[in-house]
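Here are some notes for a colleague who has not yet looked at this structure. Please read them with the model open.

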Amino acid sequence: MMNPLIVVNLKTYQQGKEVLKLCRKIEKVSKDIVVGVQVGDVYEVAHKTSLKVYCQHVDAVEPGRNTGFVAVEGVKSDGAVGVFLNHSEHPLTWDVLKKTVLRCKEVGLKTLVFAGSLKDAKRIEKLGVDYVCIEPAELVGGEVSVSTARPELIAEIGKKLKGKFLVGAGIHNHEDIEVAMKFGASGVALSSAVTTAKNPEKVLRKLLEK
Ligand code: G3P
């Protein structure tokens with residue numbers, strides 16, 4: 001099995017100094033882990049760790065009169081290498097998603113775009129995104145993983161998508177990762193298993209254990 005790409009979505013579980021603390025623990029396990037952080041944390045995590053930092057959201061605006069929006073140029077210059085878009089907790093309309101992916105390409109930010117179904121995944125893939133991440137919304141944050149509850153969905157995605165895809169929702173153990181990889185995923189996205197753990201480092205090491 002090739003090494004799985006591990007994406008830890010920090011969501012808004014921690015704030016400020018706690019975010020950096022958690023990222024430092026993640027970094028100890030592997031520098032190859034991608035962390036998805038809030039916009040305000042991009043600069044610090046990117047400058048104080050060697051993790052690959054993705055911003056959890058950006059807007060399709062040009063620099064200028066866009067009070068309160070998140071400009072791709074800002075996120076890029078703060079040190080992000082990529083962005084998340086269209087998470088089930090932050091869904092975008094098709095039009096906005098298309099424009100935002102385009103803006104990210106213009107400035108050289110990688111795009112990890114979430115999809116809840118095979119139909120959405122196929123449509124999103126056509127935008128030329130870097131990763132499609134399949135997450136059935138009803139399993140996000142739960143105890144039962146997508147690998148346990150919906151292996152057939154992962155298998156179907158593996159057959160129908162041409163590009164790289166990730167799998168997420170309820171990922172808790174190494175077996176969850178193995179199932180995803182067996183069906184052709186490049187890795188997994190996870191959150192609560194790590195962000196709410198007493199010992200996130202231990203949890204991550206166990207997840208990666210072969
Ligand atoms: O993006 C990953 C996330 O939505 C999955 O969350 O808590 O089910 O691992 P969780």
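1. Start with L118, which sits in helix α5, residues 118–125. The model is predicted. L118 has a relative accessibility of 17% and, because buried means under 20%, counts as buried. Leaving aside residues up to four places away in sequence, L118 touches L153, E156, I157 and K160. The C-alpha atoms of L118 and G158 are 9.9 Å apart, with these positions 40 residues apart along the chain.

2. Two of those contacts, L153 and I157, are also among the buried residues of helix α7, residues 151–160. The buried residues of α7 are L153, I154, A155 and I157. Their cover includes α5, β6 (131–134), α6 (146–149), β7 (165–168) and α8 (174–182).

3. The ligand is surrounded by 13 residues, and the closest are H87, E135, G141, G170 and S192. Polar atoms from several places reach oxygen atoms of the ligand. In the side chain of N9, an N or O atom is 3.1 Å from a ligand oxygen. For K11, a polar side-chain atom lies 2.9 Å from an oxygen of the ligand. G141 takes part through its backbone, with an N or O atom 2.7 Å from a ligand oxygen. The ligand taken alone exposes 300 Å², and the protein buries 100% of that.

4. K11 deserves a second look for its backbone. This residue lies in the loop between β1 (5–9) and α1, and its phi is near 45°, a positive value in a residue other than glycine. Most residues other than glycine have a negative phi. K11 is buried, at 12% relative accessible area.

5. N86 also has a positive phi, near 65°, and is not a glycine. N86 belongs to the loop between β4 (82–85) and α4 (94–107). With a relative accessibility of 17%, N86 counts as buried.

6. Which charged side chain is the nearest of opposite charge to E27? It is K31, at 4.4 Å, and E27 is buried yet has no salt bridge. Because a salt bridge needs the nitrogen and the carboxyl oxygen within 4 Å, a distance of 4.4 Å does not qualify. E27 is found in helix α1, residues 17–29. Beyond residues up to four places away in sequence, E27 touches T49, S50 and L51.

7. The whole structure holds 13 salt bridges. One of them joins the side chains of E44 and K48, at 2.8 Å from N to O. These two residues are four apart in helix α2 (residues 42–48), so about one helical turn separates them. E44 is partly exposed at 30% relative accessible area, and K48 is partly exposed at 44%.

8. R103 and E106 form a salt bridge at 3.0 Å, N to O. Both lie in helix α4, three residues apart, about one turn of the helix. R103 is buried, with 7% relative accessibility. R103 and E106 also belong to a network of salt bridges that links them with E62 and E73.

9. The salt bridge between E138 and R150 has its closest N and O atoms 3.9 Å apart. E138 is in the loop between β6 and α6 and R150 in the loop between α6 and α7, so the pair ties together parts twelve residues apart in sequence. E138 is exposed, at 61% relative accessible area, whereas R150 counts as partly exposed at 26%.

Key. Residues are numbered from 1 along each chain as its sequence is written. This is a predicted model: local features need pLDDT of at least 70, side-chain atom pairs count only at pLDDT 80 or more; totals for chains, interfaces and linings use all residues. Side-chain values use heavy atoms; hydrogens and water are left out. Buried means under 20% relative accessible area, exposed over 50%, partly exposed in between (1.4 Å probe, protein chains only). Lys and Arg count as positive and Asp and Glu as negative; His and the chain ends are not counted. Contact means heavy atoms within 4.5 Å. A residue is near a molecule or strand if one of its heavy atoms lies within 4 Å of it. A polar contact is a pair of N or O atoms within 3.5 Å; within protein, one must be able to donate a hydrogen and the other to accept it, and residues adjacent in sequence count only if both atoms are side-chain atoms. Accessible areas come from the Shrake-Rupley method with a 1.4 Å probe; for residues, only the protein chains shown count as cover.
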